[in-house]
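Work through the following exercises with the sequence and the structure at hand. Each task is followed by a solution in steps.

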Amino acid sequence: MKQTTAPRTYRVKSFGCQMNVYDGERMAEMLGAKGITPAPEGEEADLVVLNTCHIREKAAEKVYSDIGRISKAGAAQGKRPMIAVAGCVAQAEGEEIMARAPAVSMVVGPQAYHRLPEMIDKAVAGERATDTDMPEDAKFAALPPRGSGRRKVGPSAFLTIQEGCDKFCTYCVVPYTRGAEISRPYSDLLREAESLVENGACEITLLGQNVNAWTGEDGKGRSIGMDGLVKALAKLPDLQRIRYTTSHPNDMTDGIIAMHGEVDKLMPYLHLPVQSGSDRVLKAMNRSHTADSYLKLLERFRAVRPDIALSGDFIVGFPGESDAEFEETLQLVDTVRYAQAFSFKYSPRPGTPAATMEDQIAPEVMDERLQRLQAALGRDQLAFNQASVGRTCDILVERKGKLPGQWLGKSPWLQSVFIEGDAQIGDMIRVELAEAGPNSLKGRVLEGVSA
Ligand code: 5AD
Ligand code: SF4
């Protein structure tokens with residue numbers, strides 16, 4: 001390939017989970033530190049990073065069509081954009097992408113993106129590069145500090161504390177694309193949290209594929225779990241809210257449950273995926289918990305924090321799932337009454353054990369089950385929102401609403417709340433929740449800005 005000019009502008013497009021959003025922000029900071037600036041709106045970027053997701057459906061096809069679209073849009077403005085494919089599709093199908101898509105200059109996996117700046121230099125010299133290594137914990141140490149490259153940190157920031165997964169649920173690609181479970185060191189996390197807060201974050205969401213499996217040593221060399229980390233972060237004076245996601249039922253500890261009754265800054269919200277309400281299906285999924293052990297766990301959270309908003313993930317149509325087994329999922333939903341939930345049709349992922357299991361479920365059956373499940377979850381979400389009407393709480397303002405003078409903030413229970421009046425992004429505003437819909441509420445402002 002011929003030598004090209006160094007990119008001056010970039011755009012990072014992240015798909016999928018919040019960990020990808022976090023990675024996308026870190027990549028943007030790195031590009032900023034290299035003197036590359038965000039492409040102005042309406043202008044095609046010199047460098048486009050596709051930060052991809054491999055968890056469900058036609059992930060690779062989506063990447064190829066995005067590559068085509070980027071090349072075309074660039075050509076329309078007389079450019080040949082440099083394209084980098086990052087994220088989990090890069091990890092799983094990097095070589096194929098390189099072979100099939102000559103427009104791609106770089107393929108970089110989720111554990112290797114700290115090497116992006118060198119790869120850009122190579123691409124400028126005309127060399128295509130693939131890096132899907134998984135060097136243990138090398139990435140974070142090599143990244144520039146938060147807020148680098150004049151990137152603004154929003155009021156609600158993500159902080160990856162744990163990565164990877166050793167659970168090997170039979171449907172899931174994550175253990176293959178993100179690698180083994182690792183916990184980032186305590187002191188690095190405190191430092192990163194401090195710099196997020198200094199740069200404007202009032203809320204931090206701790207991230208990990210199994211965030212509650214985080215372990216480390218505190219400043220005095222004592223072994224601690226995620227509860228110890230949360231308690232240390234709660235001491236940062238300007239940090240007002242802490243959240244965490246996603247947890248695995250088997251990694252829950254007494255300390256994590258107890259902290260929901262002890263740490264005021266920890267928000268009353270728990271995302272705890274269950275996937276199915278049938279013990280036979282859970283076993284075939286290799287979940288290593290039962291419907292009953294999961295329900296008992298939730299009861300313990302409700303005992304220490306009665307108002308906790310519960311959230312979960314579900315898969316319908318796992319291979320072999322019978323009508324009766326699906327009904328067990330609906331029963332579990334009826335028992336829990338989730339405040340929010342995410343539900344998906346099973347999607348066979350190449351290389352996972354479930355992809356080659358017998359009795360794959362017909363698409364129409366999956367459609368019907370998903371509709372019934374989503375109707376039940378939607379009913380409960382609306383009921384949770386309606387039961388919140390009359391509550392007084394603070395909302396953290398995250399963005400402007402569509403109407404003039406309207407703002408959108410988040411309640412402690414992660415509900416979207418619209419208010420009208422004077423506000424700014426990052427304000428903490430006291431409201432009474434006044435009206436509820438399925439996806440959002442209206443709030444009546446009680447007091448002005450409190451932060
Ligand atoms: N098919 C459908 N849903 C999946 N998830 C993970 N793998 C698959 C798959 N192969 C869902 C699970 C998980 C969430 C992040 O995505 O519910 O909790
Ligand atoms: Fe995937 Fe299961 Fe690991 Fe979650 S716990 S990332 S669903 S393998």
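**Exercise 1. A parallel sheet**

Determine how many bridges join E7 to strand E10 and in which sense, parallel or antiparallel, they run. Then place the two strands in their sheet and find what packs on it.

Solution.

Step 1. In this predicted model, five bridges join E7 to E10 (residues 203-207), and the two strands run parallel. One facing pair to look up is alanine 157 with isoleucine 204, the latter in E10.

Step 2. The sheet is open, has three strands in the order E7-E10-E13, and pairs in the parallel sense. Strand E7 (156-160) and strand E13 (241-245) each have a single partner strand and stand at the edges, so one side of each is left without a neighbour in the sheet.

Step 3. On average, neighbouring strands here are turned by 25° against each other, direction ignored.

Step 4. Helix H1 (residues 18-33) packs on this sheet and touches E7, E10 and E13. The direction of H1 makes about 95° with that of E7.

**Exercise 2. Strand E18 and its two hairpins**

Decide whether the residues of strand E18 are buried or exposed, and trace the pairing of E18 on both sides.

Solution.

Step 1. Buried means under 20% relative accessible area. Five of the five residues of E18 (residues 406-410) are buried, so this strand is largely enclosed by the rest of the structure.

Step 2. Sort the side chains by direction: Gln406, Leu408 and Lys410 point one way from E18, while Trp407 and Gly409 point the other way. Both sets are buried.

Step 3. Take the pairing with strand E17 (residues 392-400): four bridges join it to E18, and the strands run antiparallel. Here leucine 396 stands opposite lysine 410 of E18. The two strands form a hairpin with five residues between them, and glycine 405 in the turn has a positive phi of about 75°.

Step 4. Take the pairing with strand E19 (residues 416-420): E18 and E19 pair over five bridges, in the antiparallel sense. Tryptophan 407 has isoleucine 419 in E19 as its bridge partner. This hairpin has five residues between the strands, and leucine 414 takes a positive phi near 65° in it.

**Exercise 3. A helix pair**

Describe the packing of helices H9 and H11 by angle, handedness and contact residues.

Solution.

Step 1. Two packed helices are described by the angle between their axes and the distance between the axes.

Step 2. The axes of H9 (residues 254-262) and H11 (residues 291-304) come within 7 Å and cross at roughly 30°. The crossing of H9 and H11 is right-handed.

Step 3. From H9, the residues in contact are Asp254, Ile257, His260 and Gly261; they meet Leu297, Arg300, Phe301 and Val304 of H11. Sorted by class, the contact of H9 with H11 has four nonpolar, two polar and two charged residues.

**Exercise 4. Backbone exceptions in loops**

Which peptide bond is cis between threonine 245 and its partner, and in which loops do asparagine 286 and arginine 337 lie?

Solution.

Step 1. Threonine 245 and threonine 246 are joined by a cis peptide bond, with omega about 0°. Threonine 246 is found in the loop between E13 and H9.

Step 2. Asparagine 286 lies in the loop between helix H10 (279-284) and H11. Its phi is near 60°, a positive value in a residue other than glycine. With a relative accessible area of 34%, asparagine 286 is partly exposed.

Step 3. Arginine 337 sits in the loop between helix H12 (323-336) and strand E16 (340-345). Although not a glycine, arginine 337 has a positive phi of about 60°. Its relative accessibility is 44%, which counts as partly exposed.

**Exercise 5. A ligand shell and a helix residue**

List the residues around ligand 2 and sort them by class, then describe the setting of alanine 232.

Solution.

Step 1. Around ligand 2 are Cys165, Lys167, Phe168, Cys169, Tyr171, Cys172, Val174, Pro175, Asn210, His248 and Arg287. By class, this shell has seven nonpolar, two polar and two charged residues.

Step 2. Alanine 232 lies in helix H8 (residues 226-234) and is buried, with a relative accessible area of 15%.

Step 3. Not counting residues up to four places away in sequence, alanine 232 touches Tyr186 and Leu190. The C-alpha atoms of alanine 232 and aspartate 218 are separated by 8.9 Å, and these residues are 14 residues apart along the chain.

Notes:
Residues numbered from 1 in each chain as written. Chains lettered and ligands numbered in written order. Predicted model: local features only at pLDDT ≥ 70, side-chain atom pairs only at ≥ 80, totals over all residues. Heavy atoms only, no water. Axes fitted to C-alpha atoms, helices over the stretch in contact; angles between N-to-C directions. Left-handed = near helix turned anticlockwise from the far one by under 90°. Contact = heavy atoms within 4.5 Å. Nonpolar A, V, L, I, M, F, W, Y, C, P; charged D, E, K, R; others polar. Pairing = 2+ DSSP bridges. Near = heavy atom within 4 Å. Buried < 20%, exposed > 50% of the residue type's maximum accessible area, 1.4 Å probe, protein only.
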